[in-house]
Amino acid sequence: MTDTITASSGSHAEVEPGHPPTATGLTNEKVGMWAFLASECLLFGALISTYLLFKGQSKPGTIRPKDVFDIPYTSVSSFVLLMSSLTMVLALAAIQRGDHRRTRIWILTTALLGASFVAGQCYEFTTFVRAGMNLRVNLFGSSFFVLTGFHGAHVTIGVLMLLSLYSMSLKGKLPESKAETVELVGLYWHFVDIVWIVIFTVVYLIP
Amino acid sequence: MSDHGTATDPAPGPVVNPTPAEGGAHAGHPSELEYIKVAALLALITGAEVAIYYVKSLKSILVPTLILFSAVKFSVVVLWFMHLRFDSRLFRRLFVTGVCLALFVFTIVLTTFHVWTR
């Protein structure tokens with residue numbers, strides 16, 4: 001498949017500056033990212049459905065969600081991840097206007113907020129395991145750890161991508177013309193955030 | 001698969017001239033102040049979600065309210081932070097297809113297993 005529209009005359013197209021010469025006028029990377037995020041909806045849909053399917057189906061006498069969940073603690077984690085979405089768009093806005101110093105500050109802040117979320121999740125998992133909940137104890141434990149573990153892995157990958165962006169920016173390899181790279185990482189980051197919005201409601205808040 | 005042609009090296013073919021509403025360009029993206037206002041709204045809704053969780057008199061409407069709040073937060077992030085409100089309609093269609101497909105498939109799965117009625 002070619003990215004360009006081939007005219008029978010073979011003459012060169014007039015492409016607006018700043019627009020990629022693709023048939024849609026959109027970059028393949030951005031279309032690819034949106035298609036990837038659409039497919040991720042199915043992955044997390046499957047994991048959330050599995051959790052809902054197994055909710056309340058655990059062996060009697062084994063650990064239940066309300067025995068272990070600490071809503072105030074998880075609310076703070078959710079707030080941290082939500083605010084990381086704000087710092088991510090501020091990083092994008094900064095690079096789009098060519099302010100590299102602020103771009104680096106906001107990217108690093110986003111990575112730190114993401115790392116705080118992952119650290120919080122590790123602490124939460126440790127607390128749960130100490131309370132007797134693990135992957136094998138019952139259906140609730142299995143589906144909970146698989147769902148939140150997959151999400152945590154996504155956040156970790158996002159943090160690594162952000163740190164790569166930060167490193168590229170420090171080396172001067174992230175000019176204004178590469179603002180779309182920041183936008184693509186941002187799209188992934190916001191997606192991870194919206195998945196957590198759903199998980200926080202479905203898993204933690206809905207009794 | 002060929003991947004020739006860059007913005008500086010126009011490829012053969014007709015004029016490709018999408019408007020900002022159809023994609024490309026950052027025109028129409030919100031200002032930083034607007035992003036901060038959106039984030040404040042999201043924080044407010046999160047606070048309301050947690051508050052309503054502890055109000056015993058609202059137990060009967062807890063689930064629909066939480067789902068509504070969650071849907072609002074989801075939409076706000078997607079429309080403003082992910083720029084679907086301002087970007088190409090193609091992105092909107094791609095993402096909405098994924099979300100709708102997931103909702104459709106997993107609603108059928110959960111209904112098949114009588115999750116709603118147990």
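This tour moves through selected helices of chains A and B and the places where they meet.

The structure is a predicted model, in which local features need pLDDT of at least 70, side-chain atom pairs count only at pLDDT 80 or more, and totals for chains, interfaces and linings use all residues. Residues are numbered from 1 along each chain as its sequence is written, while chains are lettered from A and ligands numbered from 1 in the order in which they are written.

**Chain A, helix 1**

Select residues 28-54 of chain A, which form helix 1. Helices here are DSSP runs of H or I with at least four residues, and strands are E runs of at least two, numbered from the N terminus. The 27 residues of helix 1 reach 39 Å from first C-alpha to last, close to the expected 39 Å; the expected span is 1.5 Å times one less than the number of residues. Next, select A:Gly56, which follows helix 1 and has a positive phi near 75°.

**Chain A, helix 4**

Move to residues 100-130, helix 4 of chain A, whose 31 residues should span 45 Å at 1.5 Å a residue; the end C-alpha atoms are 45 Å apart, which agrees. Buried residues in helix 4 include A:Trp106, A:Ile107, A:Phe117 and A:Phe128. A residue is buried if 20 or more other C-beta atoms lie within 10 Å of its own, exposed if 12 or fewer, and partly exposed in between, with C-beta atoms placed from the backbone. The buried residues of helix 4 pack against helix 2 (65-68), helix 3, helix 5 and helix 6 of chain A. Just after helix 4, A:Gly132 takes a positive phi of about 100°.

**Chain A, helix 5**

Residues 139-170 of chain A form helix 5, with 32 residues reaching 46 Å between the first and last C-alpha, close to the 46 Å expected. A:Gly172, just after helix 5, takes a positive phi of about 75°.

**Helix 3 against helix 6 in chain A**

Display residues 71-96 (helix 3) together with residues 179-205 (helix 6) of chain A: their axes come within 10 Å and cross at roughly 160°. Helix 3 is therefore roughly antiparallel to helix 6, a term for angles over 145 degrees. Axes are lines fitted to C-alpha atoms, for helices over the stretch in contact, and angles run from 0 to 180 degrees between N-to-C directions. Among the residues that meet are A:Leu81, A:Met88 and A:Leu92 in helix 3, and A:Trp189, A:Trp196 and A:Phe200 in helix 6; contact requires C-beta atoms, placed from the backbone, within 7 Å. By class, this contact has 14 nonpolar, 6 polar and 2 charged residues. Ala, Val, Leu, Ile, Met, Phe, Trp, Tyr, Cys and Pro count as nonpolar, Asp, Glu, Lys and Arg as charged, and the others, Gly among them, as polar.

**Across to chain B**

Keep helix 3 of chain A selected and add helix 1 of chain B; the two axes come within 10 Å and cross at roughly 170°. This pair, too, is roughly antiparallel. The residues that meet include A:Phe79, A:Leu86 and A:Leu90 from helix 3 of chain A, with B:Tyr35, B:Leu42 and B:Tyr53 from helix 1 of chain B. The class totals are 15 nonpolar, 3 polar and 1 charged.

**Chain B**

Now show chain B in full: it has 3 helices and 0 strands. Of its 118 residues, 25% count as buried. Finally, select B:Ala40 in helix 1 (residues 32-54) of chain B. Is B:Ala40 buried or exposed? B:Ala40 counts as exposed because it has 11 C-beta neighbours inside 10 Å. Its C-alpha lies 28 Å from that of B:Gly98, 58 residues apart along the chain.

Methods
Angles under 35 degrees count as roughly parallel, over 145 as roughly antiparallel, 65 to 115 as roughly perpendicular and the rest as oblique. Two residues are in contact if their C-beta atoms, placed from the backbone, lie within 7 Å.
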